[in-house]
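Me: I would like a close look at one part of the model shown here, with its surroundings described carefully.

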Amino acid sequence: MDRTTLSRRMFTKGFAGVAALTAAATLGLAGCGNDEAAPAGSTASGDGKKYKIGVLQLTEHAALDAANDGFVRALDESGIDYDIEQQNAQNDQSACQTIAQTLVNDGCDLILAIATPAAQAVAGATTEIPIIGTAITDFAASGLVDDNDAPGGNLTGTSDMNPVTDQIDLLKQLIPDAQTVGLLYCTAESNSDVQIALAEEALDTLGIAHERFTASSSNEIQQVTESMVGKVDAIYIPTDNTISAGISTVTMVTNENNLPTIVGEVGMVEGGALASISINYEELGYRAGEMAIEILTEGADPAEMPIGTMGADECDLVYNQATADELGVDVSALADEGGEDVSA
């Protein structure tokens, strides 16, 4: 890959629309239109309507939080009048299902689902209410749409499919002597399987051996990470929600044992990983918000709105200088290429 493609890019906002526990969740739901209200004003459609918008976020971590923030920013900048109900399932699938059904019962005009399990729960609860998904790697492979170019139902959105090959090239650039790469992910994340397969293909092309290391839940992250020590020379982690939420546990082990870690997104680099060519999740959410506006105010049909994606040239090259110093890895070339140090 031409290294100039690793230069940090700033996103533009233009994007065509065609481009927890269960008990706690149940008690916490107050109704789609009863949480936060955006300041009243003229709506984009000019009809004076106030929209009910529900949000189901799988769990709390930097990437998903940023996507949520971007979505809300798009709503605010559009000028529509809306009430929004924010719910977080705390990475609990049964909570996802409970929240999804409650948002549907509350009569939301549109529901945002952040991450694949959240979208699957909402899709299982309604075929009528428009659903926007975001922070989902492959909508079709996850069974959410018929086809990424022609969704065919009431759900569309924006994909966080990573430039996995470019990320593996970055690993090769920073750790040129790596003989074996460990691939760390959660088996409960279907979209991680897609990215891991791409990573394996890229590593095979480079002639680098690889081995999968999996955790079924956050409780297993430390043990699985520790099991990699002495077996691999570097680690690759995709945009896996479970691992991302537990990245501080991962990097506590990897950095202490001199294991460089290349990851799928900037939040994990901020959490102590070495580097990434990262999707900008706030922009991803913003673009999802633009799609929501088209549906609500212009009558756009989700069935005909292709899943939005970002190219490698739109991604951010980021690194953690403090981690690089601890590991003894030279990242000066990344700074020269316009990369950003996101260490605290």
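Leaving aside its neighbours within four places in sequence, which residues is Ile262 in contact with? Please place the answer in the setting of the nonpolar cores and of the chain as a whole.

Reply: The model is a predicted one, and in it Ile262 touches, apart from neighbours within four places in sequence, Gln167, Leu170, Leu171, Leu174 and Ile175, then Ile235, Tyr236 and Ile237, and finally Leu274 and Ala275. Three of these partners, Leu174, Tyr236 and Leu274, are listed together with Ile262, Ile53 and Leu56 as the residues with the most contacts inside the largest nonpolar core, which has 83 residues. Helix α11, spanning residues 281–298, gives the most to this core, with eight residues. A second core of 19 residues is separate from it and includes Ile221, Ile247, Val263 and Val318.

Ile221 also leads to helix α7 (residues 221–228), whose buried residues are Ile221, Val224, Thr225 and Met228. Seen down the axis of α7, these buried residues fall within an arc of 100 degrees, so they line one face of the helix. An α-helix has 3.6 residues a turn, so residues three or four places apart point the same way. The cover over the buried residues of α7 includes the strands β7 (180–186), β8 (209–215) and β9 (234–237), together with the helices α8 (241–245) and α9 (247–256). After α7 comes Gly230, with a positive phi near 85 degrees.

As for the wider setting, the protein chain contains 13 helices and 13 strands, and 56% of its 344 residues count as buried.

Conventions:
Residues numbered from 1 in each chain as written. Predicted model: local features only at pLDDT ≥ 70, side-chain atom pairs only at ≥ 80, totals over all residues. Heavy atoms only, no water. Core = buried A, V, L, I, M, F, W, Y, C linked by side-chain atoms within 4.5 Å. Buried < 20%, exposed > 50% of the residue type's maximum accessible area, 1.4 Å probe, protein only. Helix = DSSP H or I, 4+ residues; strand = E, 2+ residues; numbered from the N terminus. Contact = heavy atoms within 4.5 Å. Arc of directions from axis to C-beta.
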